[in-house]
Amino acid sequence: MAPSPDHHSALNGAYYGPSIPPKDSSRSTFRRPGRGGPGSCLCCCFECLGCCVFQLILQIVLTVLFVLGLIAFLFWLIFRPNLVKFHVTGAELTQFNLSSSNVLDYGLDFNVTVRNPNRRIGIYYDSIEVRTFYEGQRFDSQYLPPFYQGHKNTTYISGAFQGQQVLSLDSGALKAYQTDQTDGLYGIDVKVYLRVRFKLGWFKTLKFKPRVKCGLNVPLSTSSAATAAAFETTKCHIGYWRIA
């Protein structure tokens, strides 16, 4: 059956669905907080200002670190600094007797070599204090004469300690003392407290206060067991650097 004219006219019309509703003017003017308006502009300005300040501080810190690193590298390249070397080359106890009343009679002699391996750095030893310890307790101290040490130089220093000192040794330390008596070899710590300055050409640095520690096994010359024992050259360790 042929379609009717009215059917074709209905299909060719301009209607494709329901009509689009008109825009709501109240919705078009609504804005979320922080997405516009004077308040959001002010927040954006503060965020940009904080970001700029942070970037500026970061650039300054990086620049300072770069400059300091460059100065340190140039210093190392020019002067090639090396640590001073301390060695105890000789040490001997002439007496080391602890009485029942905890009074220590001692006599200690030692020799130290100080080697400055630097070619362009001289060292002023303005203060040299030597302290001696047994089982963690100090029994003597003295100051040695100050001196200047030039480039690539080895200096020999010596010290002699003699006297009496009360030591409060616990049971463990007393047992260690008895063992040392039997062996004729005593464990003594020598600590050197320094105040030094470095000479770089015509320039002299501030004073530094390094500490040198030497852990020694010292034979007692009057002990029969010491005949087979001999002092061995001992390397000391430098640490605890700080500005005086």
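The paragraphs below go through the strand pairing, the salt bridges and the surface patches of a predicted model.

The open sheet is a convenient place to start. Four strands make up this sheet, in the order β6-β2-β1-β10, and their pairing is antiparallel. At its edges stand β6, residues 153-166, and β10, each of which pairs on one side only. Within the sheet, β6 is joined to strand β2, residues 103-116, by 14 bridges in the antiparallel sense. One position that fixes the register of these two strands is Leu 104, whose bridge partner in β6 is Gln 165. The other edge strand, β10, spans residues 234-235 and contains Lys 235. Lys 235 returns below as a member of a charged patch.

A further set of pairings centres on strand β7. Strands of a sheet pair through backbone hydrogen bonds, in either a parallel or an antiparallel manner. Strand β3, residues 121-134, pairs with β7 in the antiparallel sense over 13 bridges. In this pairing Ser 127 lies opposite Arg 195 of β7. Strand β7, residues 185-200, also runs antiparallel to strand β9, residues 211-219, and nine bridges join the two. Two positions illustrate the match between β7 and β9: Ile 188 stands opposite Leu 216 in β9, and Lys 191 stands opposite Lys 213 in β9. From β9 the pairing continues to strand β11, residues 237-239, with three bridges and again in the antiparallel sense. Here Val 212 faces Ile 238 of β11 across the pair.

Strand β7 has another antiparallel partner in β8, to which it is joined by two bridges. Leu 200 is placed opposite Phe 203 of β8. The strands β7 and β8 form a hairpin with two residues between them, and Gly 201 in this hairpin adopts a positive phi near 70°. After β8, residues 203-204, the chain enters the loop that leads to β9, and Thr 205 is found in this loop. Is Thr 205 buried or exposed? Thr 205 has a relative accessible area of 17%, so it counts as buried, the limit for that class being under 20%. The C-alpha atom of Thr 205 is 9.8 Å from that of Ile 123, although the two residues are 82 positions apart along the chain.

The salt bridges come next. How many salt bridges are there in the model? The count comes to two. One of them joins Asp 126 and Arg 197, with 2.7 Å between the closest N and O atoms. This pair links distant parts of the chain, since Asp 126 belongs to strand β3 and Arg 197 to strand β7, 71 residues apart. Asp 126 is partly exposed because its relative accessible area is 26%, and Arg 197 is also partly exposed, at 21% relative accessibility. The strands that carry Asp 126 and Arg 197 are the antiparallel pair β3 and β7 described above. The other salt bridge is formed by the side chains of Glu 129 and Arg 131, at an N to O distance of 3.0 Å. Glu 129 is buried, with a relative accessible area of 11%, whereas Arg 131 is partly exposed at 21%.

Two surface patches complete the account. The positive patch consists of Lys 85, Arg 119, Arg 120, Lys 152 and Lys 235. Of these residues, Lys 235 lies in the edge strand β10. Lys 235 has a relative accessible area of 52%, so it is classed as exposed, the class that requires over 50%.

The second patch is nonpolar. Its members are Leu 49, Val 53, Phe 54, Ile 57, Leu 58, Val 61, Leu 62 and Leu 65, and together they have about 770 Å² of accessible area. Phe 54, one of the residues of this patch, is found in helix α3, which covers residues 37-79. Why does Phe 54 count as exposed? Phe 54 counts as exposed because its relative accessibility is 56%, and the class begins over 50%.

Terms used: Residues are numbered from 1 along each chain as its sequence is written. This is a predicted model: local features need pLDDT of at least 70, side-chain atom pairs count only at pLDDT 80 or more; totals for chains, interfaces and linings use all residues. Side-chain values use heavy atoms; hydrogens and water are left out. Patches are made of residues with over 30% relative accessible area and no salt bridge: like charges are joined within 9 Å, nonpolar side chains (Val, Leu, Ile, Met, Phe, Trp, Tyr) within 5 Å. Accessible areas come from the Shrake-Rupley method with a 1.4 Å probe; for residues, only the protein chains shown count as cover. A salt bridge is a side-chain nitrogen of Lys or Arg within 4 Å of a carboxyl oxygen of Asp or Glu. Buried means under 20% relative accessible area, exposed over 50%, partly exposed in between (1.4 Å probe, protein chains only). Two strands pair if DSSP finds at least two bridges between them. Lys and Arg count as positive and Asp and Glu as negative; His and the chain ends are not counted. The place of a charge is taken as NZ of Lys, CZ of Arg, CG of Asp or CD of Glu.
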